[in-house]
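Me: I am new to this structure. Please take a close look at the salt bridges and walk me through them.

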Amino acid sequence: MVSQARKSELLFSGSDWNFAKLSRVYDEIEALGTEELGLDIYPVQMEVISSEQMLDAYSSVGMPLMYRHWSFGKRFLYDEFLYRKGARGLAYELVINSNPCIVYLMEENTMALQALVTAHAALGHNHFFKNNHLFRQWTDAGGILSYLDFAKGYIARCEERHGLAAVEEILDSAHALMEQGVFRYHRPPKLSSEQQREGLRERLEYEERSFNDLWRTLPPSQGKSKPEAGDEILAERKKSLKLPEENLLYFLEKNSLVLEPWQREIVRIVRVIAQYFYPQRQTQVMNEGCATFVHYTIMNTLFDRGRIGEGAMLEILRNHSNVVFQPSYDDPRYSGINPYALGLDMMQDIQRISTAPTAEDRDWFPDMAGRGDWRDTLLDAWANHRDESFIRQYLSPALIRKWRLFALADGADEPHYEVASIHNERGYARIRSALAQSYDIGASRPDIQVVDVDLLGDRHLRLQHKVKDGIMLEGQSRDATLRHIRNLWGYEVSLAAIDAGTGATLSERWTKEL
């Protein structure tokens, strides 16, 4: 524990920082986080970078080792233009889900801000990455850095051997399918170890030496395709190919007849990176809420113990307020619900319900109200929930009133909106359920799957989009994506829109029509 003598000493004074101050502040923050909040974190590696380096990190999706692609340069120029014009600020920090956990700090930050973002990223995000079940099951923090190093080097060698244009063509098509290149409902395999990866290199080199180009020489099928196979043959074909398949990149990687070994490995690299980011899209409210709650709690504790001065604390609170600011719906700055604000409010609300519940809280949360163990409740929530389930279980009527939330019924065939749920007992439950549903990316993202292909016949790849609530795919982006699938598959591709409720075919699009 922190000694009484040290409590009376300020950790730093003034706005200038140096590495000795950063180290001293980190040690104090880590002790508070682990001892007072029960946090469990990866070892931390902190890097201090310039604004231009932060922009570069933005452009390559925040990864310290990344292969080259034109889209990263385009993103860099766009972000740099907005930053130089003053139209957009930069993050004060950037954190990588890896072991060790890498935290980038901006060199332009003041010492008070460095302390704030250290608590936010090195403790809050770090704990969430290490302990949340989605990250534990779906990502490999210990293997991602070595895998990215392998991927960067492998793609560079492909560029030298096969040319920039050929590599870029495969990357363009694979990037276009990243949203549909993840496993959503079953656990993907872990990243290969170094020994396995060395074996992969040897296997790829052998395949490239012995690659048989026979498939490319086969003439296209003439006339109409063969009649539909019998139910028994169709079922057996789907079983052998493990159809339907939700992960389009995985299916193309394993089954495309036209991809050379090096192209197949590039598709796999993009698929692995897409999978790495998939849990982050499901936990934005929880992840940012956890980090914000941790930094707010730790900074206030340090101030109460006399380790941070009043001037530094005012600066910390100002930056904290900027982060959790929630514009109203009619504010020009409004862009939806601020995940920092909602996450922090929900976690502080759990703290309140655990220590000072109202009668209403006892009715809604009988297992949590008044028990006083808010730390255990938060640690359990951070470990076992995603945004959708967290909101569905912990959003309270008191917070619904504070945020002035209500539910609208907006049927497409109705000329007016209808306020369907208000602040009463039935309305609270419906509002909570509706808000939770909006964070379920399985419900909000298009459900597109491979449903059939006859590899011994015309090799026509059939995709199916299950349409929910009558929401169809946007035509231009749909057609562009189909062309990318055709590029990776090499043969005819079709996409049928199927009503999720009735099973009726609403439309069908073929690449030969594009």
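Reply: Here is a walk through the salt bridges, with a helix contact at the end.

This is a predicted model, where local features need pLDDT of at least 70, side-chain atom pairs count only at pLDDT 80 or more, and totals for chains, interfaces and linings use all residues. Residues are numbered from 1 along each chain as its sequence is written, and side-chain values use heavy atoms, leaving out hydrogens and water.

Side chains of opposite charge can pair when their charged atoms come close. The whole structure holds 17 salt bridges (a side-chain nitrogen of Lys or Arg within 4 Å of a carboxyl oxygen of Asp or Glu).

Start with Glu28 and Arg307. Their side chains form a salt bridge at 3.1 Å, N to O. Glu28 sits in helix 2 (residues 19–36). Arg307 sits in the loop between helix 14 (284–304) and helix 15 (310–323). The two are 279 residues apart, so the pair links distant parts of the chain. Helices here are DSSP runs of H or I, at least four residues, numbered from the N terminus. Glu28 is buried, at 2% relative accessible area. Arg307 is buried too, with a relative accessible area of 2%. Buried means under 20%, exposed over 50%, and partly exposed in between, with a 1.4 Å probe and protein chains only.

Helix 2 also carries Glu36. Glu36 meets Arg305 in a salt bridge of 3.3 Å, N to O. Arg305 lies in the loop between helix 14 and helix 15, 269 residues from Glu36. Glu36 is partly exposed, at 26% relative accessibility.

Now turn to helix 19 (residues 387–394). Arg392 and Glu388 form a salt bridge there at 2.7 Å, N to O. They are four residues apart, so about one helical turn separates them. Arg392 is partly exposed at 31%, while Glu388 is buried at 11%. Salt bridges with shared partners join Arg386, Glu388, Arg392 and Asp440 into one network.

Last, a contact between two helices. The axes of helix 16 (residues 339–355) and helix 18 (residues 374–384) come within 9 Å and cross at roughly 140°. Axes are lines fitted to C-alpha atoms over the stretch in contact, with angles from 0 to 180 degrees between N-to-C directions. Helix 16 contributes Met347, Ile350, Gln351, Ser354 and Thr355 to the contact. Helix 18 contributes Trp374, Thr377, Leu378 and Trp382. Contact means heavy atoms within 4.5 Å.
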